[in-house]
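Here are a few exercises to work through with the model open beside you. Try each task before reading its solution.

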Amino acid sequence: MHTESRHWHTLSPAGTAQALHSDAERGLSEAEVAHRAAHYGPNALREKRARSRWRMLLDQFSDFMIIVLIGAAIVSGFVGDIEDTIAILVIIVLNAVIGFVQEYRAEQAMAALKRMSEAGASVIRAGRIASIAASELVPGDMVLLEAGNIVPADLRITEAARLRIDESALTGESVAVDKQVLSLEADELPLGDRTCLAYKGTIVTAGRARGLVTATGMHTELGKIATLLDQDNDTRTPLQQRLASFGKYLALAALAICAIVFVVGVLRGEPLLLMFMTAVSLAVAAIPEALPAVVTISLALGARKMVQQHALIRRLPAVETLGSVTRICSDKTGTLTQNRMHVSKLFVTDAQDENRDAQPWPTLFSAMSLCNDARMDAHGMARGEPTEAALLLAAHEAGWERAALEHKSPRAKELPFDSERKRMTTFHHDADRFIAYSKGSPESLLPCCTRMLAAAGERNIERDALLQRAERMASEGLRVLAFACRRWPSLPASDAPETLEQELLFLGFAGLIDPPRGEAKAAVASCRLAGITPVMITGDHPATARAIASELGILDDGRVMTGVELAALSQQEFETQVKQISVYARVDPAQKIKIVRALQDKGEVVAMTGDGVNDAPALKAADVGIAMGKGGTDVAREAAHMVLLDDNFASIVHAVKQGRRIFDNIRKFIKYAMTGNAGEIWTIFLAPFLGLPIPLLPIHILWVNLVTDGLPGLALTAEPAERGIMRRPPRPLRESIFAHGMWQHMIWVGLLIGGTCLLTQAWAIRSGSAHWQTMVFTVLTLSQMGHVLAIRSETDSLFRIGLFSNRMLAFAVLLTFALQMATIYIPALNPIFKTEALSLGELAICLAMSSVVFFAVEVEKLLIRRGLIYRTA
């Protein structure tokens, strides 16, 4: 079966099924699917080949300064101490292994996130509807499409109801194409003219359809376009870009200092090769080339943890931005509410509730059951979109069985729901005639009605009275839908809603209630404490919106703005009011982008939720676009930065908290690494100017860099959230990462580390100790351990948060201490590390001097708590 060589648009649906050896009704059997999957492979575009593990490991040695150091170490081995050379090379290899492990973990975390966010597809296999990963599709599969789907493979359409597909990604045609099922005569037609085919990667903007898969993976039209294959470019986050830029300037400064160290050492008569090795080792230790990589690790591992709290990050910059969010614009249904709709009130004109056999009850229940895409399963449960499922269940419980009604009045045609009309209409056989049932919002459906059905028969419609009744029902927190019908002598040929949805007969209202989620009120309160304003956007009636928003604490005494009022305002006029409005009702998805832009123009950082096709532009425009994982469309998920796996508002708040924690921990790592590097530089740079010999050998510098930047630094990324993290205002988006006293801290603590090392050196030399170099080596290493413990919180003392509240860090510090002691007290390591065993008194002095940094930073935090330093407005 050569699927790619046929002109599928020239075959009828039956001919296509025959050519594909498929059953258009039951689909493929599981055995046949397995056979075809083995033959055709996955339905995926070939991606740029990922770096192999070996390449990843070798890349750790590609840094220019590392190459220079290796070269210098080899030269040193030939002319001097071979043991020293081997030790330096071993440390370089260990550093590379740690870098490789970190990078590999980050890549694995990103790959896991990518797998989780893979697109899905609905198929019919062995007569049953199933949801599968799009990559599992095979030629001959029967695929179901609806508005909002991204077409998962190339398809021959076999059934279509008002199907429109946006093919701009493939053809460049900006207008969505109307699709149909009839075969076409000409063999050679442009892609855009093959109206009975749907192509992988295009977007269903309206309607529903079924189609047989004709090509998958690289055999699809999208697969043939090589330029589209490399879509997954690895873009760096804004923070990584800023740090990479900052790192370049810092590297230049470090190189300048290293050059001065080299020149001053040589002028003082130090051996040329030793000074060159010292300068290069210092450059390797001081240049923060790993900062952007650590940011990736922190963000990727943090994003993987967020999945456990039902937030799937699709784009890493979103993790950074979450901590800066000032407004969360959320849909009501399913996000703030439970999405467990049930019909709590029905209204019909003049009819008695007790006698449900009399009109208009039978026609209303028929409309609720038939103008509906939900289905009853074998267990008596309604399956489908929650509102439709609730309506179907209410009709079912009233004795109106969907199966019996469909047998008597099968569907002949439909006008699917769309957000502009806010209506849906289905046409059904009715003996030798046809009947159309319509449902929609009262404001959209009642203007289409000219008569209403009452117990005594038809009469002229009382539109104002009915709208007031709908308003009263909505004020009770109900979502109100209106139902109407119209009889036709024959099935209309037209598909124009403006023609078909006119002169309708009003049947009644259904009031549905969707209770607020139990955790939503607490999440809203948490938002307010964190300086974030929750905003509710809904397509429901203003009275329903007000009732739910007031119950959740979103609306105090503020105004509810409707979509009509919003449409009447220019962008400039709207921007003068936007910060005062926290509830929007009867809003079209297309209007969400107006809300996003107005808030952004006013300096707000906006998170926006959405689930439909028309939500995609707003999700893209928002600082953090959030798609619904349960009820959302493929298009919304593709446009979003984050997918909410449980569609729950509280999960957005959890994600904001995690975003703040991750950003805090990145700041702590940078503070720790840069301060330690500064301490090493000051120690070696200032010694010659104070008349002291070079305090550290190259092996010492590289060892300190290995044991302090490795495990302890990475363990900081696992630090729990700070106390009160959700009681502080959002971080301004453009704020420097070095704000809030961080750059001042790095300068003075770096100088303090250097000062304590040099003071230890001067004291040891003055007192005649031959172990002064080992003492400086030990003080430098242990000072950084004291520093990493002290900066675990920006304000709270270590004695308050507890030493073991981050067990990974406590273990890393203890391991580093043990390794440092090993270099001093294990005789076999003394010649390698150029150390000597310290006496108990000398070790006590080293411990005392290295603890100075810890206590100094604790005093700094005390002053911060009292508001005496680093105060911000």
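**Exercise 1. A pair within one helix**

Arg637 is partly exposed, with a relative accessible area of 23%. Keep in mind that this is a predicted model. Find out which side chain Arg637 meets in a salt bridge, and whether that partner is buried or exposed.

*Solution.*
- Step 1: The partner is Asp634, with 3.0 Å from N to O.
- Step 2: Both Arg637 and Asp634 belong to helix H23 (residues 634-639). They sit 3 residues apart, about one turn of the helix.
- Step 3: The relative accessible area of Asp634 is 9%. Buried means under 20%, so Asp634 is buried.

**Exercise 2. A pair across the chain**

Work out where in the chain the two partners of the salt bridge between Lys579 and Glu604 lie, and classify each by its accessibility.

*Solution.*
- Step 1: The closest N and O atoms of Lys579 and Glu604 are 3.2 Å apart, and the two form a salt bridge.
- Step 2: This pair links distant parts of the chain, 25 residues apart. Lys579 is in the loop between helix H20 (571-575) and strand E22 (583-585), while Glu604 is in the loop between helix H21 (592-601) and strand E23 (606-610).
- Step 3: Lys579 has 38% relative accessibility and therefore counts as partly exposed. Glu604 has a relative accessible area of 12%, so Glu604 is buried.

**Exercise 3. Salt bridges in the whole structure**

How many salt bridges does the structure hold, and which residues are linked in a network of salt bridges?

*Solution.*
- Step 1: Start with the principle: side chains of opposite charge can pair when their charged atoms come close.
- Step 2: The structure holds 39 salt bridges.
- Step 3: The network links Arg208, Asp373, Arg411 and Glu414.

**Exercise 4. Following helix H32**

Trace helix H32 (residues 840-865) and describe its span, its bend and its packing.

*Solution.*
- Step 1: H32 has 26 residues, and its first and last C-alpha atoms are 37 Å apart, close to the 38 Å expected at 1.5 Å a residue.
- Step 2: At Val852, H32 bends by about 25°.
- Step 3: The buried residues of H32 include Leu843, Met849, Val853, Phe854 and Val857. Charged residues are also on the list, among them Glu842, Glu858 and Lys861.
- Step 4: The buried residues pack against helix H27 (742-766), helix H28 (772-790), helix H29 (798-801) and helix H30 (807-825).
- Step 5: Just after H32, look for Gly867, which takes a positive phi of about 75°.

Methods. Residues numbered from 1 in each chain as written. Predicted model: local features only at pLDDT ≥ 70, side-chain atom pairs only at ≥ 80, totals over all residues. Heavy atoms only, no water. Helix = DSSP H or I, 4+ residues; strand = E, 2+ residues; numbered from the N terminus. Expected span 1.5 Å × (residues − 1). Bend = angle between axes of the 7 residues up to and from the residue. Buried < 20%, exposed > 50% of the residue type's maximum accessible area, 1.4 Å probe, protein only. Contact = heavy atoms within 4.5 Å. Salt bridge = Lys/Arg side-chain N within 4 Å of Asp/Glu carboxyl O.
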